[in-house]
Amino acid sequence: SSVVTATQRNPLFSTINSDDIRYFKEILGEKSVIQDEEMLDAANSDWMRKYKGSSKLKLQPRSTEEVSQILKYCNARCLAVVPQGGNTGLVGGSVPVFDEVIINVGSMNNIISFDKVSGTLVCEAGCILENLISFLDNQGFIMPLDLGAKGSCQIGGNVSTNAGGLRLVRYGSLHGNVLGLEAVLANGTVLDMLGTLRKDNTGYDVKHLFIGSEGSLGIVTKVSILTPPKLSSVNVAFLACEDYISCQKLLLEAKTRLGEILSAFEFLDTHAMDLVVRHLDAVRNPLPPSHNFYVLIETTGSDETNDKEKLEAFLLRSMESGLISDGVLAQDINQASSFWRIREGIAEALMKAGAVYKYDLSLPVEKMYNLVEEMQIRLGSAAKAVGYGHLGDSNLHLNISTPQYDDTILAEIEPFVYEWTSKHQGSISAEHGLGLMKANKIHYSRSPEAVQLMVAIKKLLDPNGILNPYKVLPPSLISQS
Ligand code: FAD
Ligand code: 2HG
Ligand code: ZN
């Protein structure tokens, strides 16, 4: 079965009644109070169709004030809530576990301001990432983050998961690029931290608590974000390497020889390539088969001639030294996006292939692929271990693909994968978060003291525990009083 059962429903939480519905309709209007079964079905089920809740109510506030009224009421009534954005999360964090009220700020999708001189964009949290990318494109700017889910994910969801993605190697994480935000606490208090300053050391920088806390400390309603200018020359190369050590060496070469123009360094293994070619329409391998590893390198700079020369010299050198065995440089924007489609389509292809167990790990680059190989040996012919990810950020996406979910396979994977990661000082959550999937695994990557501090912060900000319960932190630590 695909059903993931976590834990027991917290009996302290109330259940929705008709007075609650009446109140929400009064403050939000009929249309923003969703009880329609089909719409609830979609919101109860995650992108992977792996986690399923049974919420009877989804609310769509249109302003910070409405979010505040909702939370104030839910807190007083002890009604649990789950903040949901584009529902593209991969750790079961965005869907209810039981009957939590779903709150989606997707109707809050206005751009508030854009300042060209500083590159600061201020917008509401429900803006879809791709819409922000298009808006900025017209202004001659780009978002500092990009990811395969851009067509659906919301900037509020990106901030709440501290999403990494395909450009982090160049522009850094949202902890650096988010200059300010507005969030609503469990009791309805609106925290205005929507600054636009690059530098501001006034006491504790509290906004960081909301970046990556997966909706467990508050609902993000507005964001101010630093955006880089769009540079004129972008090049994308799709390369083949015969062994993993060559991928590693190529990364170091790319960092030193491409330097400031390097804007992405992604890798996939031959199994990932097979999956996208097999399951996605119109996707083909631009290189003659078959190679063990593929690397996608993007450069972004401001001098077309210079950048191209630099990249070509790098490619020639890497070819001569044997680090790459084949490669192709995109000749136009369509070819460039077809290369990106291969990399960005892997998650979708894995979904089409059947059941999938996902692990999103930070590991030392040198050891990263050993895990994929060890996993493949453990699994034998029962399942396929696929390795790909953001090599430039030491972030491996280990995916185990099988025809259907199977507890004996799961027992081969866990806790082995977490223990292995912990032993190598890695992180069990590089960019997707802990969600429901890993709430009880936090100790593999955080000390007991750090977890205790997180629990204390959670209790301070959300004493009734109504915000995204059962997620992020071990439920057993939250319900203790
Ligand atoms: P949701 O999935 O709706 O929610 C995610 C979490 O954030 C939940 O815990 C939810 O409660 C919380 N949340 C959502 N909105 C708010 C809010 N306004 N306030 C408070 N909490 C909120 N992730 C990466 O890091 N890098 C990638 O490269 C990447 N690629 C992906 C590719 C595909 C095809 C898919 C399906 C997913 C990918 N992801 C990636 C995972 C996911 O898309 C991102 O984590 C994304 O940031 C989630 O945004 P969302 O709006 O869909 O949030
Ligand atoms: C990516 O980088 C996403 O493609 C998804 O983070 C990773 O599905 C995955 O494991
Ligand atoms: Zn990723």
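The following paragraphs describe the domains, sheets, ligand shells and local backbone features of this structure. The model is predicted.

The chain is divided into five parts. Domain 1 covers residues 18–104, and domain 2 covers 111–226. Domain 3 follows at 233–346 and domain 4 at 354–442. Domain 5 takes residues 443–479. A record adds a further division. The unreviewed UniProt entry annotates residues 51–230 as "domain: FAD-binding PCMH-type". The end C-alpha atoms of this span are 38 Å apart. Helix accounts for 22% of residues 51–230, and strand for 22%.

Domain 1 and domain 2 touch each other. Their C-alpha centres are separated by 22 Å. The contact involves 15 residues of domain 1 and 18 residues of domain 2. On the side of domain 1 that touches domain 2, α3 and β3 are the elements that give two or more residues. The largest share there comes from α3, with seven residues. By class, this side of domain 1 has five nonpolar residues, nine polar residues and one charged residue.

One open sheet is built from five strands. Their order is β5-β6-β9-β7-β8, and the pairing is antiparallel. The edge strands are β5 (111–115) and β8 (190–193). Each has a single partner strand, so one side of each is left without a neighbour in the sheet. From one strand to the next, the twist averages 10°. Helix α3 (residues 64–77) packs on this sheet. Its contacts are with β7 (178–184), β8 and β9. The direction of α3 makes about 45° with that of β7. At the β5 edge, four bridges join β5 to β6 (residues 120–124), and the two strands run antiparallel. Within this pair, I111 stands opposite C123 of β6.

A second open sheet has seven strands. The order is β13-β10-β12-β11-β15-β16-β14, again with antiparallel pairing. Here β13 (326–329) and β14 stand at the edges. Both have a single partner strand, so one side of each lacks a neighbour in the sheet. Neighbouring strands are turned against each other by 15° on average, direction ignored. Strand β11 (residues 262–269) is joined to strand β15 (residues 384–390) by two bridges, and these strands run antiparallel. L268 has Y388 of β15 as its bridge partner. Helix α13 (residues 365–379) lies across β11, β15 and β16. It runs at about 165° to β15.

Two ligands are present in the model, each with its own shell of residues. The shell around ligand 1 has 38 residues. Those that come nearest are G85, G89, G156, G157 and G215. Four elements give two or more residues to this shell: β3 (81–84), α5 (155–161), β9 (219–226) and α12. Helix α5 gives the most, with five residues. By class, the shell around ligand 1 holds 14 nonpolar, 21 polar and three charged residues.

Ligand 2 is surrounded by L90, G148, I346, A347, K358, D360, G389, H397 and N399. At least two residues of this shell come from each of α12 (346–353), β14 (355–362) and β16 (395–402). Three residues around ligand 2 are nonpolar, four are polar and two are charged. Helix α12 thus appears in both shells, giving two or more residues to that of ligand 1 and at least two to that of ligand 2. Strands β14 and β16, which contribute to the shell of ligand 2, also belong to the seven-stranded sheet. Strand β9, which contributes to the shell of ligand 1, belongs to the five-stranded sheet.

Some local backbone features lie in loops. A cis peptide bond joins P289 and S290, with omega of about -5°. S290 sits in the loop between α9 (270–279) and β12 (293–301). Another cis peptide bond joins E414 and P415, where omega is about 5°. P415 is found in the loop between α14 (407–413) and α15 (416–423). Q425 is not a glycine, yet its phi is positive, at about 55°. This residue is placed in the loop between α15 and α16 (448–461).

Methods. Residues are numbered from 1 along each chain as its sequence is written. Chains are lettered from A and ligands numbered from 1 in the order in which they are written. This is a predicted model: local features need pLDDT of at least 70, side-chain atom pairs count only at pLDDT 80 or more; totals for chains, interfaces and linings use all residues. A residue is near a molecule or strand if its C-beta atom, placed from the backbone, lies within 6 Å of it. Ala, Val, Leu, Ile, Met, Phe, Trp, Tyr, Cys and Pro count as nonpolar, Asp, Glu, Lys and Arg as charged, and the others, Gly among them, as polar. UniProt positions are given in the numbering used here, feature names are shortened, and annotations may be inferred rather than shown by experiment. Two strands pair if DSSP finds at least two bridges between them. Axes are lines fitted to C-alpha atoms, for helices over the stretch in contact, and angles run from 0 to 180 degrees between N-to-C directions. Two residues are in contact if their C-beta atoms, placed from the backbone, lie within 7 Å. Domain bounds come from an automatic or database domain assignment.
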